[in-house]
Amino acid sequence: MNKIEHIGIAVKDINAANKIYQKLLGYEHYKTEEVASEGVKTSFFTCGESKIELLEASTKDSPIAKFIDKKGEGVHHIAFSVSDIRAEVRRLKKEGFVVLNEEPKKGADNKWVVFLHPKSSNGVLVELCQERE
Ligand SMILES: CC[C@@H](C(=O)O)C(=O)SCCNC(=O)CCNC(=O)[C@H](O)C(C)(C)COP(=O)(O)OP(=O)(O)OC[C@H]1O[C@@H](n2cnc3c(N)ncnc32)[C@H](O)[C@@H]1OP(=O)(O)O
Ligand SMILES: [Co+2]
């Protein structure tokens, strides 16, 4: 793993959350992006070498909608940047982690992403991210 790429935060209202995180960080987000395949609207803030990803559900069955229904707003996942996502998937499977999608899928901000089930990482949903060429 190279670094924490982003921390994903589930929010009910991305416009309201943007204002809060703008005040918190002292600067504006640099982009918004809808990822229809994941049922989310995102907003990204830089934070040093890492990012904050705000996530609002765009569909009723979005993982974000389910998460907020059960747990409320808050930290939803931690994403790690990796250089070779397929090699990391092979390594992590051997280590016993539960991989949710073996085939990397298109994430936000020009990334390939793979998720690991929170039950295999102490209740934390983990995302692996590799830059798309
Ligand atoms: C924008 C794209 C991308 C990026 O580029 O950055 C994203 O970040 S997309 C983010 C949204 N997408 C995902 O989260 C995809 C991966 N997630 C999943 O596949 C599912 O959400 C899940 C983790 C497998 C859970 O789905 P499911 O089993 O259907 O949900 P339940 O509500 O029944 O929960 C079961 C169990 O798991 C706990 N849970 C759910 N989500 C989380 C979470 N984010 N962190 C920690 N724990 C989580 C949930 O509370 C249930 O626990 P118990 O009640 O104890 O059984
Ligand atoms: Co993410």
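## A tour of the predicted model

The stretch from residue 3 to residue 131 has end C-alpha atoms lying 13 Å apart, and its make-up is 24% helix and 40% strand. The UniProt record, an unreviewed entry, places the feature "domain: VOC" at residues 3-131. Please keep in mind as you read that this is a predicted model.

### Overall layout

Let us begin with the chain as a whole. The protein chain has 3 helices and 8 strands. Read from the N terminus on, these elements follow the order β-α-β-β-β-α-β-α-β-β-β. Along the principal axes, the C-alpha atoms of the protein chain fill a box of roughly 40 × 30 × 25 Å. The radius of gyration of the protein chain is 14 Å, which agrees with a compact globule, because a globule of 133 residues would have a value near 14 Å.

Two further figures describe the packing. Of the 133 residues, 29% count as buried. Among the contacts in the protein chain with a separation of 6 or more, 53% are accounted for by residues 24 or more positions apart.

### The nonpolar cores

In soluble globular proteins, nonpolar side chains tend to be buried together. Which residues make up the largest nonpolar core here? There are 10 residues in all: Ala-10, Val-11, Ala-17, Tyr-21, Val-40, Phe-45, Leu-54, Leu-55, Ala-57 and Ile-64. Helix H1 (14-25), strand E3 (40-47) and strand E4 (50-57) are the elements that give two or more residues to this core. E4 provides the largest share, 3 residues.

A second, separate core has 7 residues, including Ala-79, Val-82, Val-89 and Cys-129.

Two members of the largest core show how it is knitted together. Ala-17 is in contact with Val-11 and Leu-54, leaving aside its neighbours within four places in sequence. Val-40 is found in strand E3, and this residue counts as buried because 26 C-beta neighbours lie inside 10 Å, where 20 or more are needed. With neighbours within four places in sequence again left aside, Val-40 is in contact with Val-35, Leu-55, Glu-56, Ala-57, Ser-58, Ser-62 and Ile-64. Val-40 and Pro-63 are 23 residues apart along the chain, and their C-alpha atoms are separated by 8.4 Å.

### Around ligand 1

Pro-63 turns up again when we look at the ligand. There are 26 residues around ligand 1, and Pro-63, Gly-107, Ala-108, Pro-118 and Leu-125 come nearest. By class, this shell has 13 nonpolar, 7 polar and 6 charged residues.

Which elements each supply at least two residues of the shell around ligand 1? They are E3, E4, helix H2 (63-71), strand E5 (74-81), strand E7 (111-116) and strand E8 (125-131). H2 supplies the largest share, 5 residues. E3 and E4 therefore appear in two roles, as elements that give two or more residues to the largest nonpolar core and as suppliers of at least two shell residues each.

Pro-118, one of the residues that come nearest to ligand 1, has its place in the loop between E7 and E8. Is Pro-118 buried, exposed or partly exposed? Pro-118 counts as partly exposed because 15 C-beta neighbours lie inside 10 Å. Not counting residues up to four places away in sequence, Pro-118 touches Gly-123, Val-124 and Leu-125. Pro-118 and Leu-100 are 18 residues apart in sequence and 9.8 Å apart in space, C-alpha to C-alpha.

### Exposed sites and loops

Here are three residues that count as exposed, each with its location and neighbour count.

| Residue | Location | C-beta neighbours inside 10 Å |
|---|---|---|
| Asn-110 | loop between strand E6 (105-106) and E7 | 11 |
| Asn-122 | loop between E7 and E8 | 7 |
| Lys-23 | helix H1 | 8 |

The two asparagines also deserve a look at the backbone. Phi of Asn-110 is near 65°, a positive value in a residue other than glycine. Asn-122, too, is a residue other than glycine with a positive phi, near 55°. Asn-122 lies in the loop between E7 and E8, where Pro-118 also has its place.

As for Lys-23, its C-alpha atom is separated by 29 Å from that of Lys-60, which is 37 residues away along the chain.

Terms used
Residues numbered from 1 in each chain as written. Chains lettered and ligands numbered in written order. Predicted model: local features only at pLDDT ≥ 70, side-chain atom pairs only at ≥ 80, totals over all residues. Core = buried A, V, L, I, M, F, W, Y, C linked by C-beta atoms within 7 Å. Buried ≥ 20, exposed ≤ 12 C-beta atoms within 10 Å, placed from the backbone. Helix = DSSP H or I, 4+ residues; strand = E, 2+ residues; numbered from the N terminus. Contact = placed C-beta atoms within 7 Å. UniProt positions renumbered as here; feature names shortened; annotations may be inferred. Rg over C-alpha atoms; globule rule 2.2 N^0.38 Å. Near = placed C-beta within 6 Å. Nonpolar A, V, L, I, M, F, W, Y, C, P; charged D, E, K, R; others polar.
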